[in-house]
Each structure stands twice: as structure tokens, then as C-alpha cells.
Amino acid sequence: MTNIKVIKGDITTMHVDAIVNAANTTLLGGGGVDGAIHRAAGPELLAATMKLHGAQTGEAKITAGFRLPAKYVIHTPGPIWHGGNQNEAQLLHNSYFNSLTLAEQNNCHTVAFPSISTGVFHFPLSQAAKIATETLRDFLETAKTVTEVTMVCFDDTTFAAYQDALTQINL
Ligand code: ADP
């Protein structure tokens with residue numbers, strides 16, 4: 001499986017068809033990667049997300065990328081970790097799956113994801129990395145337009161966790 005890549009970097013610099021935003025349910029911006037994406041895309045992004053009227057956890061909605069190098073931003077609120085018994089794993093899977101489905105509907109070939117839910121939403125990192133990489137692998141087996149997915153990790157710990165998870169599914 002060479003069509004899933006894990007890199008360390010800043011997702012706002014990615015030259016891909018779509019970057020995914022680990023948003024919150026308002027889709028009106030926030031901290032972490034969400035704030036970074038809104039700052040880099042410019043105020044046109046907030047104007048666009050205001051028209052979307054939010055999204056439910058695990059759902060995905062798309063806008064243009066505006067001042068970003070990426071053509072589109074796919075906004076998905078990942079689950080807030082409440083201990084693991086509130087459907088968090090399924091909801092995290094849904095965020096990746098629904099984002100990829102929307103990317104395909106918009107003819108995207110290259111997509112970049114941040115580590116959804118593992119920042120202020122506190123989803124345990126190794127479990128999140130496993131869910132993410134398994135969902136990406138399964139989706140790419142039957143994908144029509146998406147050929148390459150990059151996990152863009154912001155720090156060394158996150159980078160190591162996704163590298164480990166990718167090694168596991170390649171065994
Ligand atoms: P969530 O609310 O889904 O937990 P966060 O933004 O708090 O989202 O964190 C998700 C991940 O995104 C964390 O690993 C955080 O370090 C990372 N992150 C923050 N800024 C960026 C960026 N510019 N590019 C890629 N990842 C980023």
C-alpha cells in the first residue's frame with residue numbers, strides 16, 4: 001500500500017486537491033488546525049462555512065480553499081472523547097469515510113488529513129491512528145478518483161503514531 005503517506009508538516013501548505021479540516025460542529029472556526037486553516041484560507045472561508053449551517057459529528061461538508069494552495073477544504077467535526085463508550089470509534093471512522101466520499105464526489109485525486117480528534121478533542125492517539133489508517137486503506141481499495149491520501153502530522157508524537165499504525169496494516 002503506497003497510496004497512504006504519513007508526513008510531518010503543516011496541512012495549510014499542502015498542494016493537494018482537498019485538505020480536511022478537523023472542525024467543530026459549528027463549522028465557524030476554532031483553535032488548533034481549524035484556526036490555522038481559517039487564517040491561511042482568509043476570511044472568505046468563514047463566509048463560506050457560515051452558509052453551511054454547521055455539521056453533525058462524523059459528517060463532512062465542502063468549501064473552496066480560497067487562499068490555500070488546496071482547491072477544496074472538507075470540514076468534518078470529529079468526536080470529542082468521552083471515555084470510549086459514546087460511539088467515538090464509529091464517529092471517527094465516519095469522519096474519515098465521509099470526507100473521502102465527498103472528495104470523490106468532487107473528483108479529487110489527492111487528499112490530506114490532519115490527525116482528527118487527537119488535539120483538544122482528546123481521542124487517544126494510537127487508537128485514532130489505527131481507525132484512520134484502516135479506514136483509508138479500506139476506502140482506497142475501491143476508490144474511483146482518490147489515488148493518494150497523506151496524513152499530515154504536526155508533531156513528532158503524532159507522526160510516530162501514524163507511522164506505527166501504517167506499519168501495522170501493511171503487515
Ligand atoms: P481536534 O479538535 O479534532 O482534536 P485539533 O486541531 O485540536 O483538533 O488537533 C488535531 C491535530 O491537528 C493535532 O495533532 C494538532 O497538533 C494538529 N494540528 C494543529 N495545527 C496543525 C496544522 N497546521 N497542520 C496539521 N496539523 C495540525
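**The ligand and its pocket**

Among the elements of this predicted model, α1 makes the greatest contribution to the shell around the ligand, with 3 residues. In total, 18 residues surround the ligand, and the closest of them are D10, V33, S117, G119 and V120. When the shell around the ligand is divided by class, 9 residues are nonpolar, 7 are polar and 2 are charged.

Backbone atoms of several residues lie at short listed distances from ligand oxygen. For V33, a backbone N or O atom is found 2.8 Å from an oxygen atom of the ligand. For V120, a polar backbone atom is 2.9 Å from an oxygen atom of the ligand. In the case of F121, the separation between a polar backbone atom and an oxygen atom of the ligand is 3.1 Å. The ligand taken alone exposes 560 Å², and 90% of that area is buried by the protein.

The position of the ligand was then considered in relation to the pockets of the protein. The ligand sits in the largest pocket, which has a volume of about 570 Å³. This largest pocket is lined by 26 residues, of which A22, G32, V33, S115 and G119 are the closest to its centre. Three elements, namely β2 (18-23), α1 (32-41) and β6 (148-153), each give two or more residues to the lining of the largest pocket. The largest share of this lining, 4 residues, comes from α1. By class, the lining of the largest pocket comprises 12 nonpolar, 11 polar and 3 charged residues.

Some names recur in the descriptions of the ligand and of the pocket. V33 and G119 are listed among the residues closest to the ligand, and V33 and G119 are also listed among those closest to the centre of the largest pocket. The element α1 likewise appears in both descriptions: α1 gives the most residues to the shell around the ligand, and α1 also provides the largest share of the lining of the largest pocket.

Definitions and conventions:
Residues numbered from 1 in each chain as written. Predicted model: local features only at pLDDT ≥ 70, side-chain atom pairs only at ≥ 80, totals over all residues. Heavy atoms only, no water. 1 Å grid on protein atoms, 1.4 Å probe; cavity = no way out; pocket = protein on both sides within 12 Å on 5 of 7 lines; lining within 4 Å. Points joined across faces, edges and corners; volume = space filled by probe spheres on them. Nonpolar A, V, L, I, M, F, W, Y, C, P; charged D, E, K, R; others polar. Near = heavy atom within 4 Å. Polar contact = N/O pair within 3.5 Å; in protein donor to acceptor, adjacent residues only side chain to side chain. Areas by Shrake-Rupley, 256 points an atom, 1.4 Å probe, with all protein chains shown as cover. Sits in = over half its atoms within 2 Å of the grid points.
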